[in-house]
Amino acid sequence: MQQPLKKGKLLLVTSVVIILCSLGFLTNAAKAAEITVNGEVISYIQYLEGDSAGILHIYSGDYLTKNFTDRDSLPTDAKWITFFPITLPLDNGIEYMFSRDGKSVEKQYVHNWTDIPSDVKWITVSNFDGDIGSGKNPITNQKYRYSVDGVNVVESATVPANALWANLSYYETISNGTHKRLRYEKVNYTLKLNPTPPVINLTKSPTGWTNGDVTVTANISSESDLKIQKWDYGIQNESYFNTAGNSLVGSSVSVDQNRTITWYARDILLNSTVQTITIDNIDKDAPIITSGNMTIITNQKLEVPITITDSKSGVKTKKWAFGNQNESYFLTGGNTFTENKIVVDNFGTYTLFAEDHAGNKSISTVHLYSADLEGLHLNEGTLSPQFSKEILSYDVNVMNTVSTITVIPNAIDSTATVKVNGNLVSSGATSATIPLNVGSNTILIEVTALNSTKKTYQVKVTRALSSNANLISLTLSSGILSPEISSGDSNYTASVENAITSLTITPTTADATAKIKVNGHAVNSGTASNSIPLNVGVNTVTIEVTAEDDTTQRTYTITITRFPSSNANLSDLTLSTGSYLPVFNGGDFTYTASVENAITSLTVTPTAADATAKIKVNGHAVSSGTASNPIPLNVGQNTVTIEVTAEDKTTQTYTVTVTRFPSSNANLKSLTLNYGILKPSFDSQREKYSVNVDVNVNSIDLTPILDDNDATLMINGLPSSSGKKMTVSLNFGANTIILEITAPDGVTKKKYKVEIYREQLPAPVDSLQIPGNSAPVEPAAPAPAPIELPQLVPTDPKQPQEPITDIIFSDVPVHHWAYTMIGDFAKRGYITGYADGTFKPNDPISRQHVALIFSRIFKLNPIQEAQTFKDIPLNHRYYETIKLVQQAGLYQGINGYFKPNENMTRAQIAKVLAIALNLSPTSTHTFKDIPSTHWAHDYIIALAANDIALGDSGYFKPESSVTRAQFVAFLYRALQQ
């Protein structure tokens, strides 16, 4: 062993790698021999005099294993030797350069000598750490000594792959900042090797053409034991098999197609060789049989061109046979043919057979059928052009008198079927009779061979147009034609009674293709014409006949005489109102009728039995079926005469006596008062009304207007007349006025009753009278009305109760103007007053007290979500009450506040009342201080429309406060409605 590496010194040791390879000058056929090669090895590397380092020498004696030794114990029969610098690896390790196959050079880093590959022909160190300090610097400018023939030694920067051995011989490096060069001592050693590669002999079986697989067998001879056998498709080199190829099991492989195979063998001394063989005798493709178009040659023989090809082994046998045959049939049967065609005697199916030299067989079927005609004949006309089986379309012209035709088709192939216009016809037989229309007629002859091949021949037969424009019949729906129809006459006459106002004519042509016009209108032969109107006197009818050829024409003329009418009767007589006695019929000439008094005139609609008759009503001409001018009717009897004059001047007179009854109308048309308002509003069918007037009104003026001015009128027993004003004195309290009306018929009577209540006490300061719509509670800005008005139903009947006689509150005496109303509400429990027994009628009413009273009177249904008010906490006395009226839509709040103690204004009261009572503005009434833009405009107008708010001298005063007594009065009167 060498001395260990001393600190500060760097010693590198290089060994000579002796590699087994295939010598360039040896051939596969060379006789095997063992040769000895003298190689070189470096014993040590010196940087300072006397300094050296211990290294390991690594070697292999069999290319399979490796071992280590020192320079004094180098083996003499190694396959290769290199060295391993123990303490000088780079980061990647020690780099080695080597060749496994003598054809390519590889490099590899290792960290331990055991990682050095064994199966190499030669190997040498190529890089390591050349710096003895702390850094790691790879060596540079390397040179190597090697030999490729075992005799001559070469030094170069590279090593060829076919070297026998190689050794690092020179490099440069940096050690302690000083550039150093290699110094070494050479030691020779001896290598023994056998450079003869294995010999491969490849054979294939079978060697002739086959349609199966081919077996390739390898016979390999080698001086050394074989280590690897591989094969693969294609032409490959030895390097290919280092990483690829198929490992061989046994000594042969089976090949299923034509291709080249490369065989590879390597012995344990790493001698390798390759051998190729080409497989080109496999033919698995059957011959290809192609048949051409059949040709009919002389003596009715059929010739078919046949082409049989086989691109590999070639065609060996060609045969044919009639009918459908299989391959077995042709082992002993069939007709051999050598030319590229077959000639047979009959139509039908034939089987073709072919076999190639590899034994592949083919079967093909050829069908020899024909869909051609060899002849085509017609019993009328001549084909144009002359018939030929290759020509498919023909024309034939025949006279108009030829209405049918027959066809005789002749097929070339007797097995083919023939159809004429879809009907089967035997070849050479006559078809069924084919009808011919005038003009073009198409006849199709379809020939179908047994192999379904079809061919269609077309014959277009043109039948000439007719020139017949005669009639064979001419009849009238009324009257008799004179003379009878004949082919020689064109002019005829006829006569009809006056009752015949129209007739039809039925002409029939001698030729059905001719066209007819009667008075210019087309008519089908044998069909009645449209109705022809007949005037009294002479009427001319023309019948024009045009033959099918559109050239020949003939005109027939009929002169028809219609006699005048003598009918002066009416078929109907109606009145615009009333009914006849007796019921109208044409045989009665005197009638009576009656109408109500309201009918002041009527019209008469006479309808003549004969449209030619003329009519006069009370001397004025009237068209039949048309209403006369209005005939005025007096009360009593009125005579109407209808005179009818026939077309021949015959006359007839009808008389109608119309009686008009006197009026039974006892209605008032209107009733107006100079004070107060009728409750309810006036309606002529309503007979009872009430009116409230102020205490200061001691009399009232009534102005009645009668519906019928001929009726009589009594007011409180005193006679009066329509439109006359009557003054009636009023007492305090209730006053009754009776208006009695007698109709003109003296029988019908009607009474109207008006109850007028005169106040006994001064009217309340507020002039609100009856419920109505009101504006939003919040005066600051208009608030939208609820989407749906709440259906607020009073909890009790709202008619006033019996008068209150006891003093309910100490500050509301009996003579107080609102005493009755406050007492009634107190009795019902709507109001309770204060704890000291007072009501405080003149104090303004607050928002919370209005809410409380509404919740007691009405059933409130929620129509919106509950809203929280900032000034109404949960413990507020009226929290639930305020929540209830807010959900019912009566209150919306003001900027999130309810302001329970603020006084209610007249405008705010108007809103709450309108919503609670579901009122809407149906009036155009206005107040001077309520413009249309006022937030409460609609609510206030709703109150006015329902006579609740009358205002004060045209003003409403919306911002004025409402007292507690006034509020009770508003509700009391509203609930009386």
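**Notebook: strands, one sheet, one helix pair**

I started with contacts (heavy atoms within 4.5 Å): residues 24 or more positions apart make up 67% of those with a separation of 6 or more in the protein. This is a predicted model, where local features need pLDDT of at least 70, side-chain atom pairs count only at pLDDT 80 or more, and totals for chains, interfaces and linings use all residues. Numbering runs from 1 along each chain as its sequence is written, and side-chain values use heavy atoms, without hydrogens and water.

Next I looked up the elements. I got eight helices and 66 strands, taken as DSSP runs (helices H or I, at least four residues; strands E, at least two) and numbered from the N terminus. Of the 977 residues, 44% are buried, meaning under 20% relative accessible area with a 1.4 Å probe, protein chains only.

Then I picked one sheet. It is open, with three strands in the order β57-β59-β62 and antiparallel pairing; two strands pair if DSSP finds at least two bridges between them. β57 (668–673) and β62 (726–729) are the edges, each with a single partner strand, so one side of each lacks a neighbour in the sheet. I found four bridges between β59 (residues 699–706) and β62, with Ile-700 partnered by Val-728 in β62.

Last, I checked a helix pair. α3 (residues 819–828) packs against α8 (residues 964–975) at about 75°, axes 9 Å apart. That makes the two roughly perpendicular, the label for 65 to 115 degrees. The residues that meet include Phe-825 in α3 and Leu-971 in α8.

Key. Buried < 20%, exposed > 50% of the residue type's maximum accessible area, 1.4 Å probe, protein only. Axes fitted to C-alpha atoms, helices over the stretch in contact; angles between N-to-C directions. Parallel < 35°, antiparallel > 145°, perpendicular 65-115°, else oblique.
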